[in-house]
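The exercises below ask the reader to work through burial, helix packing and backbone geometry, each with a solution that goes step by step.

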Amino acid sequence: MYFRSMMNKNDIEEVKSLIASPKKISIIPHRNPDGDAMGSTLGLYHVLKQLDHDVTVISPNAFPDFLAWMPESNQVLVFEENRKKATEILQQSDVVFTLDFNVLSRTGDQMTSVLEGLNTTYIMIDHHQMPANYAKYTFSDTTYGSTCELLYILLQELGLNSLINKEVANCIYTGIVTDSGSFRFPKTTAQTHQVVAALIEKGVDNPEIHNALFNNSSYNRLQLLGRALQNMVILPEYRTSYLYLTEAELNQFQHRKGDTEGFVNYGLSIDGIDFTAFFTENKEEGIIKISFRSQGDVDVNEFARTYFEGGGHINAAGGKSTLPLEATLERFKSIIATSKP
């Protein structure tokens, strides 16, 4: 089976040599990790463990409960919950892989300061735009719909296909299905389906994974979705919509990490809308977290980078605001009126 690859052959050979003998390795996803971040990190974890490396996945903060079924997810070390141990492991690491992000600040201020002080070899595997230059080896390609698909191709290039067992396949499949919107987003290619077919041949139970990811709503989560939809505002003259949730509303329905996953997409499902945003209030961190989605050539990556300290993809990005929620919404509407992407 043919898979496209534009990876630097010298980098491939050097990484092969680097991981040929056992080493201390840390693998890091971005803060507030999603299915692609956890799928890629845990998938790589299972591969490197088979090569007898001493491997630790260190997540900046806790991951959503709907990903807790993933193989060995209980071995993930959460930086915010055990900073001393996580920092010691990072400082002792010969190699640090960063997956599904391309600037160290995506791990949060405290973890970033630790990462910037390391004397180690960084390897980046990512599919977002504008990668920073902190890594010695950068495998970055924005044409891929997920980091997990890119990881699968990299494992082929490294000659490690035989190590993609059922556990690895389950992890990689999870990232592909979540970041592709269950295979409906534009970057889902023929190769994506070929990779998924190969993973199913490795033993992936795709219906079971789909149920674990998407058919696990609690009563409170559905109530929270209802409130977000009630809060939706349509700006038809700008083909834009937005939703929001206050911290009080999140608390009212006993919000857990991951409960609002996918809410932003409802704002894009309305006829005549090609740009939407979802705002959630977090008073403890002093920020408003923002998710952006778009259709066609509406570039939310550039919009997020320009106005809301964020970034991502052309059609999916994130950002933040340090203004109060009401002021953030007013600023958003003002920007849309003059500078809609």
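A residue counts as buried when its relative accessible area is under 20%, as exposed when it is over 50%, and as partly exposed in between. The model to which this is applied here is a predicted one.

**Exercise 1. Place Val57 in its secondary structure element, and decide whether Val57 is buried or exposed.**

Solution. The element comes first: Val57 is found in strand S2. The relative accessibility of Val57 is 2%, and because the cut-off for burial is under 20%, Val57 counts as buried. The next step is to list the surroundings, leaving out residues up to four places away in sequence: Val57 then touches Ile27, Pro29, Thr41, Leu42, Tyr45, Gln75, Val76 and Leu77. As a contrast in distance, the C-alpha atoms of Val57 and Thr328, which are 271 residues apart in sequence, lie 35 Å apart in space.

**Exercise 2. Identify which residues touch the most other members of the largest nonpolar core, and follow the contacts of Ile27.**

Solution. The largest nonpolar core has 54 residues, and those that touch the most other members are Ile27, Phe97 and Leu199. For Ile27, with neighbours within four places in sequence set aside, the contacts are Thr41, Leu44, Tyr45, Leu48, Val55, Thr56, Val57, Ile58, Phe97 and Leu99. There is also a second, separate core, made of 19 residues, and among them are Leu235, Ala304, Phe308 and Ile336. As a general background to such clusters, nonpolar side chains in soluble globular proteins tend to be buried together.

**Exercise 3. Describe how helix H2 packs against helix H6, giving the angle, the handedness and the residues involved.**

Solution. The axes of H2 (residues 35-50) and H6 come within 7 Å and cross at roughly 160 degrees. Because angles over 145 degrees count as roughly antiparallel, H2 is roughly antiparallel to H6. The crossing of the two helices, H2 and H6, is left-handed. On the side of H2, the contact is made by Gly35, Asp36, Gly39, Leu42, Gly43, His46, Val47 and Gln50, while H6 contributes Glu167, Val168, Cys171, Ile172, Thr174, Gly175, Thr178 and Asp179. Sorted by class, this contact of H2 with H6 has five nonpolar, eight polar and three charged residues.

**Exercise 4. Carry out the corresponding analysis for helix H6 and helix H8.**

Solution. H6 (residues 166-179) and H8 (residues 206-214) pack at an angle of about 60 degrees, and their axes are 11 Å apart. That angle makes H6 oblique to H8, and the crossing of H6 and H8 is right-handed. From H6, the residues in the contact are Asn170, Tyr173, Thr174, Val177 and Thr178, and from H8 they are Asn206, Ile209, Leu213 and Phe214. By class, the contact of H6 with H8 has five nonpolar and four polar residues, with no charged ones.

**Exercise 5. Examine the phi angles and the accessibility of Ser182 and Phe183.**

Solution. A general expectation is needed at the start: most residues other than glycine have a negative phi. Ser182, which is not a glycine, nevertheless has a positive phi of about 55 degrees, and Phe183, also not a glycine, has a positive phi of about 70 degrees. Ser182 is placed in the loop between H6 and helix H7 (190-201), and the place of Phe183 is likewise in the loop between H6 and H7. Turning to accessibility, Ser182 has a relative accessible area of 31% and is therefore partly exposed, and Phe183, at 24%, counts as partly exposed.

**Exercise 6. Classify His53, Asp141 and Ser291 by burial, and locate each of them.**

Solution. His53 is found in the loop between H2 and strand S2 (54-59), and at 4% relative accessibility His53 counts as buried. Beyond neighbours within four places in sequence, His53 is in contact with Ile19, Ser21, Pro22, Lys23, Ile25 and Leu48. Asp141 lies in the loop between strand S6 (137-140) and helix H5 (147-157), and at 15% Asp141 counts as buried. Ser291 has its place in strand S10 (residues 287-294), and its relative accessibility of 19% means that Ser291 counts as buried.

Technical notes:
Residues are numbered from 1 along each chain as its sequence is written. This is a predicted model: local features need pLDDT of at least 70, side-chain atom pairs count only at pLDDT 80 or more; totals for chains, interfaces and linings use all residues. Side-chain values use heavy atoms; hydrogens and water are left out. Axes are lines fitted to C-alpha atoms, for helices over the stretch in contact, and angles run from 0 to 180 degrees between N-to-C directions. Helices (H or I, at least four residues) and strands (E, at least two) are DSSP runs, numbered from the N terminus. Angles under 35 degrees count as roughly parallel, over 145 as roughly antiparallel, 65 to 115 as roughly perpendicular and the rest as oblique. A crossing is left-handed if the near helix is turned anticlockwise from the far one by less than a right angle, and right-handed if clockwise. Contact means heavy atoms within 4.5 Å. Ala, Val, Leu, Ile, Met, Phe, Trp, Tyr, Cys and Pro count as nonpolar, Asp, Glu, Lys and Arg as charged, and the others, Gly among them, as polar. A nonpolar core is a set of buried Ala, Val, Leu, Ile, Met, Phe, Trp, Tyr and Cys residues joined through side-chain atoms within 4.5 Å. Buried means under 20% relative accessible area, exposed over 50%, partly exposed in between (1.4 Å probe, protein chains only).
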